[in-house]
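Reader: I should like to study one part of this structure closely instead of surveying the whole. Would you please take the charged side chains that pair with one another, and explain step by step where they sit and what surrounds them?

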Amino acid sequence: MMNTQKEFEPKIIVEKLRELKGADLEELCDATEQTIDDAGLGFSVGFNWVEVPARERLEAHWKGLLQIPERQVFIGRLDGVIASSIQLVKPAPSNQAHNFAATIREHFVAPWARGHGLAKTLLKAAEEETIAVKMKILKLEVRATQSAAVSLYESSGYKRWGVLDKYELVDGKYIAGY
């Protein structure tokens, strides 16, 4: 019996989340909770939570995002289960001075799904959407302690243009951000 590595490669799917169907909300909340529980050690960008909120709050968060026209949520599935997400935030129509630039928010991969290329695949989807909606610049912010994220973004051509020493306050300590 021949055993090839191809048989064991997980299936990765990235898609725009237009509506929550089936187990989507539960899987998205599970992945979010696991990422927050990871205490910032893995790949997550843009989470403002440092403690896992109540499930009802997480559900309301994800449901609410789908109602905001300027936010496009992409999800990454690993073997059919939601394991990651990224948001592309376009400027509000009333923000004429910034109508050329979109922003990446809440880019994360659940701990159990890391190492399969989901973060990079999601980033590429957000970049393609940025071009499709005719934005000229894609911006993001990242904690200096998020070394995996910093490495991904720099290897993808993003330029570090500044450092904010007091970017976030976590457990009473300031964390720098880029």
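**Charged pairs and their surroundings**

Author: With a relative accessible area of 29%, Glu15 is partly exposed. This residue is a convenient place to begin, and it should be kept in mind throughout that the model is predicted. The partner of Glu15 has a lower value: Arg77, at 12% relative accessible area, is buried. The reasoning behind these words is short, because a residue under 20% counts as buried, one over 50% as exposed, and one in between as partly exposed.

The side chains of Glu15 and Arg77 form a salt bridge, with a distance of 2.7 Å from N to O. Their pairing links distant parts of the chain, since Glu15 belongs to strand S1 (residues 12-16) and Arg77 to strand S3, with their positions 62 residues apart. In total, the model has 10 salt bridges, and three of the pairs are followed here.

The second pair consists of Arg55 and Asp30, whose side chains meet in a salt bridge at 2.4 Å, again from N to O. Arg55 lies in helix H2 (residues 55-65) and Asp30 in helix H1 (residues 24-37), so this salt bridge ties together parts that are 25 residues apart in sequence. Here both partners fall in the middle class: Arg55 is partly exposed at 23%, and Asp30 is partly exposed at 26%.

The third pair is formed by Arg143 and Glu168, whose closest N and O atoms are 2.2 Å apart. Arg143 is placed in the loop between strand S6 (137-139) and helix H4 (147-155), whereas Glu168 is in strand S7; the two are 25 residues apart, and the pair links distant parts of the chain. Both Arg143 and Glu168 are buried. Salt bridges may also share partners: Glu15, Asp24, Glu27 and Arg77 are joined in this way into one network.

Helix H1 deserves separate attention, for it carries Asp30, and Asp24 and Glu27 are among its buried residues. It consists of 14 residues and spans 20 Å from its first C-alpha to its last, close to the 20 Å expected at 1.5 Å a residue. Of these 14 residues, 10 are buried, and therefore H1 is largely enclosed by the rest of the structure. The buried residues of H1 also include Leu25, Leu28, Cys29 and Ile36.

What of the turns that follow the two strands named above? Asp79 is in the loop between strand S3 (71-78) and strand S4 (81-89). Asp171 is in the loop between strand S7 (164-170) and strand S8 (173-177). As a general rule, most residues other than glycine have a negative phi. Asp79, although not a glycine, has a positive phi of about 50 degrees, and Asp171 likewise has a positive phi of about 50 degrees without being a glycine. Both loop residues are open to the outside by the rule used here: Asp79 counts as exposed because its relative accessibility is 52%, and Asp171 counts as exposed because its value is 73%.

A further contact of a charged residue may be set beside the salt bridges. Glu129 is found in helix H3 (residues 118-132). At a relative accessible area of 13%, Glu129 is buried. Its side chain makes a polar contact of 2.9 Å with the side chain of Lys16.

Finally, the elements around the third pair lead to the largest pocket, which holds about 450 Å³ of space. It is lined by 21 residues, and those closest to its centre are Leu140, Glu141, Val142, Trp161 and Tyr178. Strand S5 (101-109), S6, H4 and S7 each give two or more residues to this lining. By character, the lining residues comprise 12 nonpolar, three polar and six charged.

To bring the account together, the chosen pairs differ in their surroundings: Arg143 and Glu168 are both buried, Glu15 is partly exposed while Arg77 is buried, and Arg55 and Asp30 are partly exposed.

Methods. Residues are numbered from 1 along each chain as its sequence is written. This is a predicted model: local features need pLDDT of at least 70, side-chain atom pairs count only at pLDDT 80 or more; totals for chains, interfaces and linings use all residues. Side-chain values use heavy atoms; hydrogens and water are left out. Helices (H or I, at least four residues) and strands (E, at least two) are DSSP runs, numbered from the N terminus. Buried means under 20% relative accessible area, exposed over 50%, partly exposed in between (1.4 Å probe, protein chains only). A salt bridge is a side-chain nitrogen of Lys or Arg within 4 Å of a carboxyl oxygen of Asp or Glu. The expected span of a helix is 1.5 Å times one less than its number of residues. On a 1 Å grid over the protein atoms alone, a cavity is a set of points where a 1.4 Å probe fits but cannot get out, and a pocket is an open set with protein on both sides within 12 Å along at least five of seven lines; lining residues have an atom within 4 Å of a point. Grid points are joined across faces, edges and corners, and a volume is the space filled by probe spheres set on the points. Ala, Val, Leu, Ile, Met, Phe, Trp, Tyr, Cys and Pro count as nonpolar, Asp, Glu, Lys and Arg as charged, and the others, Gly among them, as polar. A polar contact is a pair of N or O atoms within 3.5 Å; within protein, one must be able to donate a hydrogen and the other to accept it, and residues adjacent in sequence count only if both atoms are side-chain atoms.
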